[in-house]
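Q: Could you take me through one part of this model in detail, strand by strand, and then show me what sits around it? I'd like the pairing, the packing and any odd backbone spots along the way.

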Amino acid sequence: MCGTEKAALVNKCSLTSTAKENGSTRTTLSSDAVINLDQLTLLISLSHNGDPMMFESYWREMGDKCTFEIPGCQSLSYFANKNNLCWFLEPELEEEIKRLHRVVGNAAVEDHHVVVGTGSTQLIQAALYALSPPDESEPTSVVSATPYYSCYPEVTDFLRSGLYKWAGDARVFDKDGPYIEFVTSPSNPDGSIREAIVKKGQGKVVHDLAYYWPQYTPITCCAHFDVMLFTASKCTGHAGSRIGWALVKDKDVARKMTKFIEISTIGVSKEAQLRSAKIMGVISDSCLHPNSNNFFEYCQRLMAERWGKLKEVVGRSKIFTLPEYPPEYCLFTGEFSEAHPAFAWMKCNKNTEDFEKFLRAQKVLARSGRRFGSDPKFVRVSMLSREEEFEIFLHRLLSIQATSN
Ligand SMILES: Cc1ncc(COP(=O)(O)O)c(C=O)c1O
C-alpha cells in the first residue's frame, strides 16, 4: 500500500471523545475504528517502530516524581563535558545510564565508553560510519539475519553512502572482506534471542539491545559486546525524548561515533538528556527501594497480561500461530519467566498469501513479514499500544475466528 492510501486509512480511525486528564489530552476509539498496530504509520518511513504507549499508566502513577525545572540560564553551551570523549554527553545522564545497567545487570559498563545519540536510530548510523573501513574500493556490506529490524536496510541505503551498503540476510552472506552485522537481541520482530551468524575475520558486529530489559525478556547474562545500542524509547517508554546510548569498548570507534553525531547534529539536546537522566534515576530507585513501585516488575506484569490474553485468543483456533518462548532464569527478578516481546510475530495459517492485506480488510494495520526480509504469511503486531486499541484488536481476531469456523 502506498503512503497516502495508508495514511488515509489511518485518518479514518474514529475518535469519539476527547478529555483532559492530568493535563494531557486523551481520546476514545469507536468500536469500528482502524486499529494501528504497525505504529507511526502516518510517518510512513518510520513505520517499523513500536510506539511504547502502554507504560504511560506507570508514569501517571508516579505523578510528579520526574518533574523538574530547567532555568533559562542553564544549558546554553554546546558542550556538556569538554574532558569527556563524548563531549556533549551530560554527566548526570552518563551516571544514570551506568547505574541503571548495574541495577538491572543487563550490560557491562565498566570498560565501555558511553556515546549518547538522538535516539538509537542516530547511533545505528554513527556505528555504520565508525565501523566501515574508510579506504576500501567498494562499500562495506551490512547484513542482519532475517527476520531483521526493517529500519536497517532503509537507514543503510537511504543516503547511498560510498562507505557501506545493505547486503541482506546474514545467513546467506558469503562474501570475503569487511562487513558489519547487526544482531538485534531480543529480536524485533520475533522476540528471539540472537547471536552473530557470519563470524568471519574482517567482520564487525553491532549488538542492538533495545529490548534487553526485564519487562520484555529474562536477563540471562550481563552483555559484554564491543558495540551495544540501547534506547530510552524501549527501556523507559519515552520515545519522544529521542535519547539513545551506545556502550562502546574501543576508544577509536567511540571517537568516530561521536564525530558522526558532531557533524550531523552538533550533539544531543541537553533538555532531553537531563529529563532522561531524571527518569532513569527514578527507575533505578524504584528497583532498589523495597516499598517502591518497581518499574520493571510493573511493566513486566502489563506485558505478561497482554501476552496471556493474546495467547488465549489465538489458541481458540488454528488460524493464527505465535512463537513460543521457553521459561528462562532471570538474574534481575530471581525467577523463571517467559519472554513477553514488544511485538507479536503472528503467522496466518489460512489460505492467504498476504496476511497484512487480510488484516487491513479487518481494519487492523500490522507490518508485513516481507518488510523484515521474511514471509508475507507473517505480520508484526505491536504489543505496546494503548489498552483500548489492544482490546479492540483482540475482538477483531475473535470475529475473524468466528467467521472462519
Ligand atoms: C531494534 C530497534 N533498534 C532501534 C530502534 C530505534 O529506537 P529509537 O527510538 O531510539 O530511535 C528501534 C525502534 O523501534 C528498534 O526496534
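A: Let's start at one register point: Thr-118 has Ile-243 in β10 as its bridge partner. Keep in mind that this is a predicted model. The pair belongs to a ladder of six bridges in which β4 and β10 run antiparallel. On its other flank, β10 is joined to β9 by five bridges, again in the antiparallel sense. One spot to look at there is Thr-231, which stands opposite Gly-244 in β10.

How covered is β10? Six of its six residues are buried, so the strand is mostly covered. Side chains in a regular strand alternate between the two faces of the sheet. In β10, Ile-243, Trp-245 and Leu-247 point one way, Gly-244, Ala-246 and Val-248 point the other way, and all are buried.

Now zoom out to the whole sheet. It is open, has seven strands and mixed pairing, and reads β4-β10-β9-β8-β7-β5-β6 in order. The edges are β4 (113-118) and β6 (164-169); each has a single partner strand, so one side of each is left without a neighbour in the sheet. From one strand to the next, the twist averages 25 degrees.

Going on from β9, the pairing is parallel: β8 (residues 203-208) and β9 (residues 227-231) are held by two bridges. His-207 has its bridge partner in β9, namely Met-228. Next along, β7 and β8 pair over six bridges, also in the parallel sense, and Tyr-179 is matched with Gly-203 in β8. Then β5 (residues 140-144) runs parallel to β7, with four bridges joining the two. In that ladder, Val-143 has Glu-181 in β7 as its bridge partner.

Is β7 buried or exposed? Six of its six residues are buried, so β7 is largely enclosed by the rest of the structure. Tyr-179, Glu-181 and Val-183 point one way from the strand, while Ile-180, Phe-182 and Thr-184 point the other way, and all are buried. Glu-181 is thus worth a click: it is listed among those buried residues, and it is also the partner of Val-143.

Just ahead of β7, in the loop that comes from β6, is Pro-178. This proline is partly exposed, because it has 19 other C-beta atoms within 10 Å, and buried would take 20 or more. Setting aside neighbours within four places in sequence, Pro-178 is in contact with Pro-133, Glu-136, Thr-140 and Gln-202. Lys-200 is 22 residues away from Pro-178 in sequence, yet the C-alpha to C-alpha distance is 8.7 Å.

Back at the β4 end, what lies across the sheet? Helix α7 (residues 251-265) lies across β4, β9 and β10 (243-248), and runs at about 20 degrees to β4. Helix α4 (residues 119-131) packs against α7 at an angle of about 125 degrees, with the axes 8 Å apart. That makes α4 oblique to α7, and the crossing is right-handed. On the α4 side, the residues in this contact include Leu-123, Ala-126, Ala-130 and Leu-131; on the α7 side, they include Val-253, Met-257, Phe-260 and Ile-261. By class, the contact has 10 nonpolar, three polar and one charged residues.

Finally, the backbone oddities. Most residues other than glycine have a negative phi, and most peptide bonds are trans. Two cis bonds are worth checking if you plan to look at torsions. One joins Thr-146 and Pro-147, with omega about -10 degrees, and Pro-147 sits in the loop between β5 and α5 (151-157). The other runs from Ser-185 to Pro-186, with omega near -5 degrees; Pro-186 is in the loop between β7 and β8.

As for phi, Arg-160 is not a glycine but has a positive value of about 45 degrees. Its place is in the loop between α5 and β6, and with 8 C-beta neighbours inside 10 Å, Arg-160 counts as exposed. Lys-363 also has a positive phi, near 65 degrees, and is found in the loop between α10 (355-361) and β15 (364-365). Lys-363 is partly exposed, with 17 other C-beta atoms within 10 Å.

Key. Residues are numbered from 1 along each chain as its sequence is written. This is a predicted model: local features need pLDDT of at least 70, side-chain atom pairs count only at pLDDT 80 or more; totals for chains, interfaces and linings use all residues. Two strands pair if DSSP finds at least two bridges between them. Axes are lines fitted to C-alpha atoms, for helices over the stretch in contact, and angles run from 0 to 180 degrees between N-to-C directions. Two residues are in contact if their C-beta atoms, placed from the backbone, lie within 7 Å. A residue is buried if 20 or more other C-beta atoms lie within 10 Å of its own, exposed if 12 or fewer, and partly exposed in between; C-beta atoms are placed from the backbone. Angles under 35 degrees count as roughly parallel, over 145 as roughly antiparallel, 65 to 115 as roughly perpendicular and the rest as oblique. A crossing is left-handed if the near helix is turned anticlockwise from the far one by less than a right angle, and right-handed if clockwise. Ala, Val, Leu, Ile, Met, Phe, Trp, Tyr, Cys and Pro count as nonpolar, Asp, Glu, Lys and Arg as charged, and the others, Gly among them, as polar.
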